[in-house]
Amino acid sequence: MWRWMRGIGPQMLLAMGFLSLAPLLGAGFLLLRETESSLQSQVDRHHAQMSQVSASLVRDYIRDAAVNLETFAGFVAVRDYDAPEPLVKELDNQRTLAGIFGSLDYYQIGQTRRNFYANSQQKQFNDVQQMSGGNSLDPKINPQVFQNPFFLEAKGGKTFAAQAFIDLGGTSYLILSVPVGDKIKPHAVLVAHLDFSPAVRMLQHIAGPTRLVELRSGGKVLQTWGATPAEPYIETVRPVG
């Protein structure tokens, strides 16, 4: 047998060896493809989970802040304020207690009550605003404030959340507003600059060194957190609202 095998030459031996190993090679190739597919599926699932967590975080943070603002609006609605000074103290207390608002602005507009404007701000927020021209929500500085969507929506009885961030001193804020009193005919509008820093810190942690988290509206990128990943990369989009 050995002589016969030698006689048929090394090429035949190689061919026979390949034929004997072919099933193993095929099985190995299939196993490799299955392993690659499984790893890709795990990456896709993890990526989808992270995008869902990010979307939920943003949505819940804004919703909880709006609920906080609505609760305070209900508190001040049952009181009759004839001047801004007593209300400013309430605004200061609520802003400090909530810990997430850079400012609170109150516009009393009821026909049966005295119309006035009251404001409460964090010191840092106020300092930055003063460097940029003052409080843009103060009707004395900006009479056009009453034409702003945040005012008109709340005056119409709706809770409002802006579709874009405002950057002040490197901090991102989102304007929220709610009606005060009867939603059919509110007697005041309460506005807040929501400090997005707590949510940003959590989003940066989710993004890490290899992910980029984007907040978009109407195809426009409003804000980004994390580092731009190298191509090729996986993109997953989740609705926030």
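Which elements each supply at least two residues of the lining of the second largest pocket? The first legend takes that up; every view comes from a predicted model.

**View A. The second largest pocket and the residues around it.** The answer to the opening question is S1, S2 and helix H4 (149-155), each of which puts at least two residues into the lining. S2 gives the most, with 4 residues. In total, 14 residues line this pocket. Look for Tyr107, Phe116, Tyr117, Pro139 and Phe146, the ones that lie nearest its centre. The space inside comes to about 270 Å³.

**View B. The largest nonpolar core, drawn from helices and strands alike.** This core has 33 residues, and the ones that touch the most other members are Tyr106, Leu190, Leu194 and Phe196. At least two residues apiece come from helix H1 (2-77), helix H2 (84-98), strand S1 (101-108), strand S2 (116-121), strand S5 (171-180), strand S6 (188-195) and helix H5 (197-207). Helix H1 gives the most, chipping in 10 residues. A second, separate core of 11 residues is there too, with Tyr117, Phe150, Phe160 and Ile175 among its members. Tyr117 may ring a bell, as one of the residues nearest the centre of the pocket in View A.

**View C. Leu194 and its contacts from elsewhere in the sequence.** Skip the neighbours within four places in sequence, and Leu194 is in contact with Tyr61, Ile62 and Ala65, along with Ile100 and Phe101. The rest of the list is Ser172, Tyr173, Leu174 and Leu176. Leu194 is also one of the residues that touch the most other members of the 33-residue core.

**View D. Strand S6, buried on both sides.** Side chains of Ala188, Leu190, Ala192 and Leu194 point one way, while Val189, Val191, His193 and Asp195 point the other way. How many of the residues of S6 are buried? The count is 8 of 8, so to speak a full house. S6 has S1 as an antiparallel partner, joined by 7 bridges, and Ser103 is paired with His193 there. S5 is also antiparallel to S6, with 8 bridges between them. Two of the pairs to pick out are Ser177 with Val191 and Pro179 with Val189.

**View E. Strand S5 and the short strands beside it, S3 and S4.** S5 is mostly covered, with 10 of its 10 residues buried. Strand S3 (residues 160-161) pairs with S5 in the antiparallel sense over 2 bridges. Here Phe160 sits opposite Ser177, and Ser177 is the residue whose bridge partner in S6 is Val191. Phe160 also belongs to the second core. Strand S4 (residues 166-168) is antiparallel to S5 as well, over 3 bridges, and Asp167 has Ser172 as its bridge partner.

**View F. The turn of the S4–S5 hairpin.** Between the two strands there are 2 residues. Check Gly169 in the turn: its phi is positive, at about 60 degrees.

**View G. Confidence along the chain, and the start of the model.** Mean pLDDT for the chain is 76, with 63% of the residues at 70 or more. Over residues 1-8 pLDDT stays under 50, and the model has 2 contacts beyond four places in sequence for that stretch. Predicted coordinates should not be read in detail where pLDDT is low.

Note on methods
Residues numbered from 1 in each chain as written. Predicted model: local features only at pLDDT ≥ 70, side-chain atom pairs only at ≥ 80, totals over all residues. Heavy atoms only, no water. Core = buried A, V, L, I, M, F, W, Y, C linked by side-chain atoms within 4.5 Å. Buried < 20%, exposed > 50% of the residue type's maximum accessible area, 1.4 Å probe, protein only. Contact = heavy atoms within 4.5 Å. Pairing = 2+ DSSP bridges. pLDDT = per-residue confidence, 0-100. 1 Å grid on protein atoms, 1.4 Å probe; cavity = no way out; pocket = protein on both sides within 12 Å on 5 of 7 lines; lining within 4 Å. Points joined across faces, edges and corners; volume = space filled by probe spheres on them.
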